[in-house]
Amino acid sequence: EGFDKTISRTPVSIGEPFSFTLTADLYGSRTYTSTYLTDTLPTLDGTLVFSYTSVVIGNENLANNWDFTNTDPKLLVFRPNNGTLGNAVGPDRVIITVTGIISNEVAADNNDIFTHRMNLTYRDDGQFYGYTDTVTGTVKEPFLVITKQANPTSIIKAGDEVTYTLFVTHTAASRATAYDVVVVDAIPAVFTYKTGSLAAPGATTTFTADQGVSATYASLPLGSGLTITYVVTVDAAAEPSSLLTNTVSVTDTSTPGANPNERTGSGVGPNDYI
């Protein structure tokens with residue numbers, strides 16, 4: 001009997017839709033009894049990391065009326081419902097497409113390999129038959145790093161200007177585009193932002209009353225980087241010999257737009273893209 005399983009794409013980002021396709025051919029004009037296709041969904045570190053969003057079943061012999069159950073979260077069990085549950089009248093070619101995502105679970109990490117396994121079992125003329133096929137995929141994640149330079153950094157007095165330059169790039173471990181990239185820099189209270197000095201090509205930029213400089217980018221493709229510059233003026237309120245520190249952060253997400261299943265930089269749970 002023909003039996004095959006494929007994956008639509010790999011590697012995949014967390015929250016990115018992709019599909020598994022299961023194909024089984026039941027040859028000949030005969031009745032296959034106790035026929036079941038069992039699809040074991042991927043786990044990592046014992047955690048179910050695949051969430052299915054749709055299941056589409058197509059088959060040549062419509063009388064077999066294939067459907068499925070999911071009483072065990074890790075299993076999709078397909079069977080014909082042709083008069084007697086589990087009996088399939090051949091010939092019949094069954095094609096099942098399971099679409100879903102790698103869930104935002106702590107167990108799902110960059111370069112993790114997940115396995116999707118399918119078993120076909122049936123009896124033909126009293127003889128038991130069993131087949132197994134597996135397909136693997138890989139998780140990909142973006143990893144960003146941000147650095148900052150100031151010029152000058154010493155012998156600064158009231159009225160002087162300081163130029164900050166921020167660089168954001170992918171690290172060597174990064175394997176995916178970063179989406180919805182947001183850079184936020186908090187300027188010390190004794191600095192005044194120089195109006196119009198913020199330069200961030202390709203970004204939407206803002207400066208808020210609470211001394212916040214931000215730049216938002218739709219994406220940062222793998223292998224690329226970005227540069228942001230802005231200028232501040234030292235206020236008279238700056239204390240002599242004081243050390244003035246401002247801290248910048250960059251956050252991103254695993255997929256574009258407002259995807260509730262993506263990994264983000266919120267810092268809560270597995271959302272460590274910050």
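Visitor: How many aromatic pairs are there in this structure?

Guide: The count comes to twelve aromatic pairs, taken from a predicted model.

Visitor: What describes a pair of aromatic rings?

Guide: Two values are used: the distance of the centres and the angle of the planes. Take F18 and F114, whose ring centres are 5.9 Å apart with 50° between the planes. That pair is tilted, because the angle falls neither under 30 degrees nor over 60.

Visitor: Which parts of the chain does the pair of F18 and F114 tie together?

Guide: F18 belongs to strand β3 (residues 18-26) and F114 to strand β14 (residues 113-124), so the pair links parts that are 96 residues apart in sequence.

Visitor: Is F18 buried or exposed?

Guide: F18 is buried, at 2% relative accessibility. Its partner F114 is buried as well, with a relative accessible area of 0%.

Visitor: How are the rings of Y122 and Y131 arranged?

Guide: Their centres lie 6.3 Å apart and their planes meet at 25°, so this pair is stacked. The cut-off for stacked is an angle under 30 degrees. Y122 is buried, with a relative accessible area of 1%, whereas Y131 is partly exposed at 26%.

Visitor: Which residues form one aromatic cluster with Y122 and Y131?

Guide: F3, Y32 and Y129 join Y122 and Y131 in one aromatic cluster.

Visitor: Where does the charged end of K5 sit?

Guide: The charged end of K5 is placed over the ring of F20, at 5.4 Å from the ring's centre. The distance cut-off for such a contact is within 6 Å of the ring centre.

Technical notes:
Residues are numbered from 1 along each chain as its sequence is written. This is a predicted model: local features need pLDDT of at least 70, side-chain atom pairs count only at pLDDT 80 or more; totals for chains, interfaces and linings use all residues. Side-chain values use heavy atoms; hydrogens and water are left out. Rings of Phe, Tyr and Trp (its six-membered ring) pair if their centres lie within 6.5 Å; planes under 30 degrees apart count as stacked, over 60 as edge-to-face and the rest as tilted. Helices (H or I, at least four residues) and strands (E, at least two) are DSSP runs, numbered from the N terminus. Buried means under 20% relative accessible area, exposed over 50%, partly exposed in between (1.4 Å probe, protein chains only). A charge sits over a ring if NZ of Lys or CZ of Arg is within 6 Å of the ring centre and within 35 degrees of the ring normal.
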